[in-house]
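Trainee: I would like to go through the terms used for this model and see how each one is justified.

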Amino acid sequence: MGNSALKAHLETAQKTGVFQLTGKGLSEFPEDLQKLASNLRTIDLSNNKIETLPPLMGKFSVLKSLALNHNKLTALPEELCKLKKLETLHLNGNQLTQLPAAFGQLAALKTLSLSGNKLRTVPAQLCSLRHLDVVDLSRNQIQSVPDTIGELQAIELNLNQNQISQISSQISHCPRLKVLRLEENCLELSVLPQSILSDSQISLLAVDGNLFEIKKLRELDGYDKYMERFTATKKKFA
């Protein structure tokens, strides 16, 4: 892609606050974007070949939405955590193994998509994010869900298609968690905390494709309580 094409994109972005350049084979984050650091609200660089993000990422002070799906990122810079206005972060289909230590400083974050990366654990930093609504950690390599999960503020947590064989009962303490997706993991019925059914806010539990028959779930104590929440929620959205 020539400089003139990039220049045209930059000029449009200056007017709209939106910079979108997808599927162009970019191997690095366009440095010229920093000229618009104070007025860009949306950046979408999905479907490129970007391997690293520069420290200048921290300069985009009004950025609300950042999409870098299907690139080649193996790590994120700590500077990314300075984006105090960031509400939506899409990083599906990269090669991330962990999040920066300061990730919990993304105070405005509401939606986080990390599907199809190489995470082995549920990042503890997520529990510091007070406005988080939806977290997608599907298609990673997560093997267990730790006790810290009880602090998570999210409404929906997607852990489909991981390798989860252990899950902490603390998950039933999540104050806002309504939707929990655990499809296609390695869960035995005996390790699924009964408190998810009997004593949580969860009104949609998706567990198809694990190491037990769904009908066995219905025999557990607390299933009727879960069904009450499930039915009440269904009526609300009907």
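**Terms and values**

Mentor: Glu 156 counts as partly exposed, at 22% relative accessibility. The model is predicted, so local features need pLDDT of at least 70 and side-chain atom pairs count only at pLDDT 80 or more, while totals for chains, interfaces and linings use all residues. Residues are numbered from 1 along each chain as its sequence is written, and side-chain values use heavy atoms, with hydrogens and water left out.

Trainee: Why is Glu 156 called partly exposed?

Mentor: Buried means under 20% relative accessible area and exposed over 50%, with partly exposed in between (1.4 Å probe, protein chains only). Glu 156 has 22%, so the label is partly exposed.

Trainee: What makes Arg 181 and Glu 156 a salt bridge?

Mentor: The term requires a side-chain nitrogen of Lys or Arg within 4 Å of a carboxyl oxygen of Asp or Glu. For Arg 181 and Glu 156 the N to O distance is 3.1 Å, so the pair qualifies. Arg 181 lies in strand β10 and Glu 156 in strand β8 (residues 156-158), so the salt bridge ties together parts 25 residues apart in sequence. Strands here are DSSP runs (E, at least two residues), numbered from the N terminus.

Trainee: How do you know that Cys 81 is in no disulfide?

Mentor: A disulfide is a pair of cysteine sulfur atoms within 2.5 Å. The nearest cysteine sulfur to Cys 81, that of Cys 127, is 15 Å away. The structure holds zero disulfides.

Trainee: Is Cys 81 buried or exposed?

Mentor: Cys 81 has a relative accessible area of 1%, so buried is the label.

How values were computed: Helix = DSSP H or I, 4+ residues; strand = E, 2+ residues; numbered from the N terminus.
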